[in-house]
Amino acid sequence: DNVWYIPSFPIVREDSCEFRLYSHSVDDASNRGNAGNDADLEQEEEQKHHYTFMATTGPISLTSNIVPTGIHIGLTGEANEVIIQFATGHAGEPLVQYSEKGDDVRNSIELEQVRESSMVASMVSTTKVKGDSTTYVAADMCEAPATSTDPGFFVSPGYLHNVKVGNLKAGVEYNYKVGLGFGQGVKWSDEHVLRGPTPRGATSSEEGKPALTFLALANQGCAESRYDTVLGADPPTTSPGASGSRNNPARDVADLVSSLVDDARTTIDSVHHLGNLAYADGAAHVWDAYATMIQSYASRVPVLVGVGNHDYDHSGGGGDGKDPSGVANAFNPPWGNGAFATTGGECGVPVSKRFAVPGGGNGVFWYSYDQSLVHTVMLSSEHNMTIGSSQYVWLENDLAKVNRSITPWLVVEMHRPMYNSELVNWLNPMVSEGMQNEIEDLLNHYETDLVLSGHYHSYFRSCNGLYAYECDNAGPTYITVGTGGAPLDANTTSLIPNSHTEHFDREHFGVGRASVYNATSLHWEFVAVGGDVIDDLWLTKD
């Protein structure tokens, strides 16, 4: 089957395109011979579909390939710096122009008056910075279908631009716009607003307000994602609590995140995506559609991503340097045999090219950073984390360096969960136990507070202090929030009897919200589409 699904006209990174009309006919089964074996049957299945070219529009010129799309913000790990990323179909010099929101005279003077005023330069203190660009082609990825250039598979991502913006004041809002400079001037985007990042160790400046609030989700996708092909699931249904009936829960969750970011009562400092972002699985146009969908919030607050199986997994092909994580062979441990099957062959190339994360680790695959009172570690459950592996050694070194007097809260994130209560198939519990055997003691030794995951298309929260399947045993709280928009797991899926499940939900799409008030109090909530809080928990410590 062709992996394309296009509910609306896609972003095209070319100067022109054309529409072609084909007629489709199917042989009458009575006109085909009887298949004598499986090979004959397969051949007849291929022969029964006929496509005949009928007409074409001819080339249609496109003018949108210089318009910046998919604008989103990332953290670099520097206290006063963010990186702004966007895409265009045209080469040029990537630019960002920004100013403190309070300095912008457009708060009191009409835009056109400002443009015509000779006083602009003296009244508005703006800064313009330049960036760099990258791209990728089908051959950069590891396996088919991602490497296929046949119709319906790879399309050019255009030019992916990265601009670092520094000297930002913590908590101060800035107006900014991105642009592409070329021979005839600059093509600017609409104006957006960002806030200076929250520095390490920062506490709340207002009594009763959190020092830091972040959102967490996994398993999202977008309208163009072919869930029925890559997941074997039915198309998404309407989210409970969503307005309208567009049958697009991923869009509903994106709207929920945007509404939470826009809510003046709470400052959202970042959005954490725990893997399985676009569900492109080799259909390259889906990444553009996904970036466009999340722009409403990703252009305002930093988005920190990890990789899931649909973003990364492959069965080989990385040995010639294509895999950006640097591994030659895909991870396939004895306790996960079959669970790490190839899912599109992208091997993390699109996600690593499109999303920037703090340094010090291994790109988007594993890294850590500090915000306010929290040290966050993002791991890759798709890579080797067995004792002695490069990821394990990095994790052990990172945890040993955390200063709990400055960042008293320790949060670890990864795509696949170490604990859950759902039995989709036996492979998932086997993988969970395998990860427990490798890193649970390490996480417990360094007194991890919270472990966030996705993978299961449901919501799960464990008891507090979970360690070695025992509650109140000085371990973390484990939460799965795989409710970002991909079809939820069926209610007919079996649950594993256990004593460590505190809350389980596979009826609501939504996101997690973590509000860190001080060194001893953290409030976790599961917010469903529509705004209702379905589950909440206070984590406290001495």
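Does Arg513 count as buried or exposed, and at what relative accessibility? In the predicted model analysed here, Arg513 counts as buried because its relative accessibility is 14%, which falls under the 20% limit applied to buried residues. The residue belongs to strand β26, which spans residues 510-516. When neighbours within four places in sequence are left aside, the contacts of Arg513 comprise Thr213, Phe214, Leu215 and Leu260, together with His523, Trp524, Glu525, Val527 and Val533.

A contrasting case in terms of accessibility is provided by Tyr51, a residue of strand β3 (residues 49-56). Tyr51 is classed as exposed because its relative accessible area is 56%, a value over the 50% limit for that class. On the surface, Tyr51 joins Tyr22 and Phe53 in a nonpolar patch, and the accessible area of these three residues together is about 370 Å².

Turning to the sheets, an open arrangement of four strands is found in the order β5-β6-β10-β9, with antiparallel pairing. Its edges are formed by β5 (69-75) and β9 (132-134), each of which pairs on one side only, and the twist from one strand to the next averages 25°. Within this sheet, β5 is paired with strand β6 (residues 82-88) in the antiparallel sense, the pairing extending over five bridges; at the level of individual residues, Ile73 has Ile84 of β6 as its bridge partner.

A further open sheet contains seven strands, which follow the order β17-β18-β19-β21-β23-β22-β25 and show mixed pairing. Here the edge positions are taken by β17 (367-371) and β25 (501-505), each pairing on one side only, while neighbouring strands are turned against each other by 15° on average when direction is ignored. The pairing between strand β19 (residues 409-413) and strand β21 (residues 450-453) is parallel and involves three bridges, and in β21 the bridge partner of Val412 is Val451.

The seven-strand arrangement can also be considered together with a helix. Helix α9, formed by residues 390-400, lies across β17, β18 (374-378) and β19, and with respect to β18 the helix runs at about 180°. Of the strands that α9 lies across, β17 is an edge strand of the sheet, whereas β19 takes part in the parallel pairing with β21.

Conventions
Residues are numbered from 1 along each chain as its sequence is written. This is a predicted model: local features need pLDDT of at least 70, side-chain atom pairs count only at pLDDT 80 or more; totals for chains, interfaces and linings use all residues. Side-chain values use heavy atoms; hydrogens and water are left out. Two strands pair if DSSP finds at least two bridges between them. Helices (H or I, at least four residues) and strands (E, at least two) are DSSP runs, numbered from the N terminus. Axes are lines fitted to C-alpha atoms, for helices over the stretch in contact, and angles run from 0 to 180 degrees between N-to-C directions. Buried means under 20% relative accessible area, exposed over 50%, partly exposed in between (1.4 Å probe, protein chains only). Contact means heavy atoms within 4.5 Å. Patches are made of residues with over 30% relative accessible area and no salt bridge: like charges are joined within 9 Å, nonpolar side chains (Val, Leu, Ile, Met, Phe, Trp, Tyr) within 5 Å. Accessible areas come from the Shrake-Rupley method with a 1.4 Å probe; for residues, only the protein chains shown count as cover. A salt bridge is a side-chain nitrogen of Lys or Arg within 4 Å of a carboxyl oxygen of Asp or Glu.
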